[in-house]
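User: Hey, can you walk me through this one? I'm new to reading structures, so plain words please.

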Amino acid sequence: MNCKICGSTAVSHKFNLTEKLGIYSCVECNVEFMDPQLSDAEITELYSEQYYKSWGISGESENESSKQMKIATFLLRLETIKNYITKGKVLDIGCATGFFLEAAQSSGFEPYGIELSEYSSSIAKKKFGNDSVFNGKLEDCRFADGMFNVISMFDLIEHVRVPRETLAHAGKLLDKNGIIIITTPDCKSTSNKRMGKKWTHYKKEHFYYFDLESLKYIARQCNMNIIYHESSKKALNIDYLHTQLNVYKHWFMTPVINILRFVLPKSLTRKNFHIGIGEITVVMKKN
Ligand SMILES: [Zn+2]
C-alpha cells in the first residue's frame, strides 16, 4: 500500500478501527490514514440529522450551552487569526450551522460559509443570507478567486477524501496576503500516545490523522507555507460533555459526567474551561 498523502511505500498497518476499516501510518510524512474509506452512501447516513444530536443541535433549536461553548472555542481561534489579519472577508469551509462565523462577525469580519449538509447550511443561511452561504462542495462554489482574507477549516481536513485538492482549492479563493487556518486531530499528540487506539479522534468519518510534518507536506504541495502552529485548546463545559458522552458512550467517563451534571449547580456545569484535546492548529500563507 502507498501513503495517501506522500505516496511512500513505507506504510505500516497500525490497527483496525472496525472489521473492514484499517488505520495505516506513514514513516515518511507521519500521516495516519484510513483504508478503505467509507462510501458516499455510508457518509450521507452518518452525517444525517442524527449526527448533529451529538452536538446538542436537534431540529432547529441550538442547545444554548453547546452554542456558548463552541463560540468560546472559536473566540480562541479568532485571537490567533487577529495576530495576522484583523478585518476583511472570512470564508469558513465546513461552516455547519455558523457558530464560527457568528464569532467572526462579532469581531468585525464579513462572514461567508460553505457547507455540504443541506440541513445545517439552511440554518447558516438564515443567519448570514443566501448569497453568503453555499450549500455544496468547495469545488462547486461560486465565490471569486482571491476573494477571501481568511479561510478557516476547523475539524474538516480529516474528513475529506483528498486533502491536497481541498487545500489547493482553498488557496485559489485566498487573497495573496491572506491566511488559511486549520484545526485537525494531531496523531503525534500526547493524548494519542496515551490512549492508543482508544484515542477519541479515531472515528469512521475521519479518513486522515495529520501532525505538523504531514501538514507541512500538503502545504508545500499547494505552494503554501506554515507560519504558525500550536496545540489547539478547546472550551468545554460539563453540559456539553454530558451530551457527547451519551451519544458516544464511554464505560467510565459517561457515568462520571452523568453524576457530575446531576450534583453540580447549573452555573458550574455551564462554565467553560480550556483544555487541549489532541488537536493541532496551523496558520498558512501562500509562498
Ligand atoms: Zn506519507
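**Salt bridges first**

Analyst: Sure. Asp155 and Lys234 make a salt bridge, with 3.3 Å between their closest N and O atoms. Asp155 sits in the loop between strand S9 (148-154) and helix H6 (163-173), while Lys234 is in strand S12 (residues 224-236), so the pair ties together parts that are 79 residues apart in sequence. Keep in mind that this is a predicted model.

User: Why would two side chains pair up like that?

Analyst: Side chains of opposite charge can pair when their charged atoms come close.

User: Is Lys234 buried or exposed?

Analyst: Lys234 is buried, because its relative accessible area is 18% and buried means under 20%. Asp155 has 28% relative accessibility, so Asp155 counts as partly exposed.

User: Which residues end up in one network with that pair?

Analyst: Glu279 joins in: salt bridges that share partners link Asp155, Lys234 and Glu279 into one network.

User: How many salt bridges does the structure hold?

Analyst: There are 11 salt bridges in the structure. One of them is between the side chains of Glu32 and Lys14, at 2.7 Å from N to O. That pair links distant parts of the chain, 18 residues apart: Glu32 is in strand S3 (residues 32-35) and Lys14 in strand S1.

User: And how covered up are those two?

Analyst: Glu32 counts as buried because its relative accessibility is 2%. Lys14 has a relative accessible area of 38%, so Lys14 is partly exposed.

User: Got another one, maybe inside a helix?

Analyst: Yep, Glu79 forms a salt bridge with Lys82, and their closest N and O atoms are 3.9 Å apart. Both residues lie in helix H3 (residues 64-82), three residues apart, which is about one turn of the helix. Glu79 is partly exposed at 47% relative accessible area, and Lys82 counts as partly exposed too, at 32%.

User: OK, new topic. What coordinates the zinc ion?

Analyst: Four cysteines do, through their SG atoms: Cys3, Cys6, Cys26 and Cys29, at 2.3 Å. Along the sequence, the spacing of these donor residues reads C-x2-C-x19-C-x2-C. Cys3 is in the segment before strand S1 (11-16) and Cys26 is in strand S2 (residues 22-26), so that pair ties together parts that are 23 residues apart in sequence.

User: Why is the arrangement around the zinc ion called tetrahedral?

Analyst: Because the four donor atoms subtend angles of 104 to 114° around the zinc ion. For four donors, the label tetrahedral applies if all angles lie between 85 and 135 degrees.

User: Are Cys3 and Cys26 buried or exposed?

Analyst: Cys3 is buried, and Cys26 is buried as well.

User: What about helix H4, how many of its residues are buried?

Analyst: Six of the eight residues in helix H4 (residues 99-106) are buried, so H4 is mostly covered. The buried residues in H4 are Phe99, Phe100, Leu101, Glu102, Ala103 and Ala104.

User: What follows H4?

Analyst: Gly108 follows H4, and its phi is positive, near 100°.

User: Last thing: which domains does the chain have?

Analyst: The domain assignment gives domain 1 (11-237 + 272-286) and domain 2 (238-271). Domain 1 is listed as two stretches of the chain, with domain 2 given as 238-271.

User: How far apart are their centres?

Analyst: The centres of domain 1 and domain 2 are 25 Å apart, taken over C-alpha atoms.

How values were computed. Residues are numbered from 1 along each chain as its sequence is written. This is a predicted model: local features need pLDDT of at least 70, side-chain atom pairs count only at pLDDT 80 or more; totals for chains, interfaces and linings use all residues. Side-chain values use heavy atoms; hydrogens and water are left out. Domain bounds come from an automatic or database domain assignment. Donors are N, O and S atoms within 2.8 Å of the metal (3.2 Å for Na, K and Ca); water is not among the atoms, so sites may look incomplete. Four donors count as tetrahedral if all angles lie between 85 and 135 degrees; four count as square planar and six as octahedral if opposite donors are over 155 degrees apart and all others between 65 and 115; anything else is irregular. Helices (H or I, at least four residues) and strands (E, at least two) are DSSP runs, numbered from the N terminus. Buried means under 20% relative accessible area, exposed over 50%, partly exposed in between (1.4 Å probe, protein chains only). A salt bridge is a side-chain nitrogen of Lys or Arg within 4 Å of a carboxyl oxygen of Asp or Glu.
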